[in-house]
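Grab your viewer and work through these short exercises. Try each task yourself before you read its solution.

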Amino acid sequence: MPELALEEVTKTYEPKAVGVENLSLEVADGSLLALVGPSGCGKTTTLRLIAGLEEPEQGVIRIGGGIANGTPAASRNVALMFQRPVLYPHRTIRDNLAFPMKLRQGSWVRRIIGRVQRQAIRERVNVTSHLLGLDSVLDRYPAQLSGGQQQRVALGRALVRQPGLLLLDEPLSSLDALLRQELRRELHLLQRQLQATIVYVTHDPMEALSLGDRVAVMERGHLHQVDRPEVLLQRPVNRFVAGFVGWPTMNFLDGELQEHEGQLFFVGLGGRQPVPANRLNAWGHLVRRPLTLGIRPHDLRPASGQKQHGWPLRLQLIETQSHGRLVTMGGEHGEITAWVRKDSQMFTSLNTIGIGSTAMFEAQLENCFLFDRGPGAATVAYPDG
């Protein structure tokens with residue numbers, strides 16, 4: 001049984017703004033679901049619905065097998081961590097970590113249980129602080145901590161009462177890149193150690209792919225696809241998922257398949273390229289249909305030899321990265337990006353090619369995707385068949 005299930009959940013805001021519409025997804029016990037999409041796609045609305053801060057207009061929310069609709073937020077055994085750490089500035093880190101447990105127990109319980117309860121809280125705080133590497137700062141105040149330490153404390157406040165479900169709303173987005181990467185790794189290891197059930201919201205697709213056991217991709221309140229990270233990369237259901245997931249982002253070339261003198265070509269962007277033999281069976285029935293070719297940047301290369309096939313592209317920008325160069329080129333009716341690895345022949349030749357130069361490029365079509373240009377832009381052909 002899943003720890004969390006949303007069944008055709010809808011939430012709208014006035015005037016006629018859609019938060020989420022007919023949203024259905026499941027999160028297995030002990031797993032991490034990464035919820036990703038552009039700003040305004042409904043990610044945070046989904047978390048607020050799960051936490052009980054919002055109520056759906058239709059649909060069912062199940063937590064731990066029971067229906068949570070109408071259940072107050074405080075009774076859902078769910079912890080929500082926001083983008084910026086919410087800490088009490090006048091309390092020490094030890095007191096900040098202990099406060100959720102004290103608040104949950106209530107004053108009359110503390111009076112009855114007394115010393116035994118206080119000892120249990122101290123032990124839980126010590127265990128949590130040790131997990132998060134906070135032992136040395138327990139007697140400091142939030143203002144005395146770095147941004148990363150404050151985020152650890154905020155996470156500790158969520159973990160200390162051992163919730164059945166942990167909801168994280170872009171908890172690392174306000175940190176610098178290096179610290180974000182470090183804390184992302186620590187969070188991943190911590191989730192594996194605790195076997196915690198987590199829904200993690202992010203606008204960063206690479207963060208979603210690296211963290212999630214499964215990744216759900218949303219846009220404008222709708223769920224496009226939810227699956228394992230490798231499936232999203234290898235078999236995206238439509239152009240939106242293909243373009244949003246993965247880095248560098250996929251190139252899209254509008255065109256069509258045409259036959260000429262017994263050869264099948266993809267024609268678009270002011271050029272054409274022959275379809276390889278191992279793609280003919282999969283692509284042959286799509287002739288003259290309006291299509292979009294999806295090319296990963298690492299599958300674009302200079303045309304070999306004296307070939308006249310490919311696309312004439314003008315070099316516009318070269319961006320140096322740690323493992324290669326990102327090259328932006330312009331062609332007829334659009335731009336295209338190539339990823340050039342450090343160990344490739346083209347990497348060295350870029351030193352002698354001037355901005356504004358034009359060269360013929362081709363794609364490894366056997367690795368490319370085809371998308372319909374109709375509503376939904378569904379994937380109609382994958383590289384693997």
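Arg314 stands opposite Thr358 in S19; keep that pair in view for the first exercise. A word on the ground rules: this is a predicted model, where local features need pLDDT of at least 70, side-chain atom pairs count only at pLDDT 80 or more, and totals for chains, interfaces and linings use all residues. Residues are numbered from 1 along each chain as its sequence is written, and side-chain values use heavy atoms, with hydrogens and water left out.

**Exercise 1.** Work out which strands join S16 in an open sheet, and which ones stand at the edges.

Step 1: start from S16 (residues 311–320) and S19 (residues 358–363), which run antiparallel and are joined by four bridges. Strands here are DSSP E runs of at least two residues, and helices are H or I runs of at least four, both numbered from the N terminus. Two strands pair if DSSP finds at least two bridges between them.

Step 2: extend to the whole sheet, and you get five strands in the order S15-S19-S16-S17-S18, with antiparallel pairing.

Step 3: look at the ends. S15 (300–302) and S18 (334–341) each have a single partner strand, so one side of each lacks a neighbour in the sheet.

**Exercise 2.** Describe how S1 and S2 are connected.

Step 1: S1 (residues 4–13) pairs with S2 (residues 17–27) in the antiparallel sense over seven bridges. In one of these strands, S2, Glu26 is the bridge partner of Ala5.

Step 2: the two strands form a hairpin with three residues between them, and Lys16 in the turn has a positive phi of about 60 degrees.

**Exercise 3.** Is Gly255 buried or exposed?

Step 1: place Gly255 in strand S11 (residues 251–260).

Step 2: check the relative accessible area, which is 10%, so Gly255 is buried. The classes are buried under 20%, exposed over 50% and partly exposed in between (1.4 Å probe, protein chains only).

Step 3: list its contacts (heavy atoms within 4.5 Å). Beyond neighbours within four places in sequence, Gly255 meets Phe266, Val267, Gly268, Arg289, Pro290, Leu291 and Arg373.

**Exercise 4.** Do the same for Arg184: where is this residue, and what does Arg184 touch?

Step 1: Arg184 lies in helix H6 (residues 177–194).

Step 2: with 19% relative accessibility, Arg184 counts as buried.

Step 3: leaving out residues up to four places away in sequence, Arg184 touches Leu172, Asp204, Glu207, Ser210 and Leu211.
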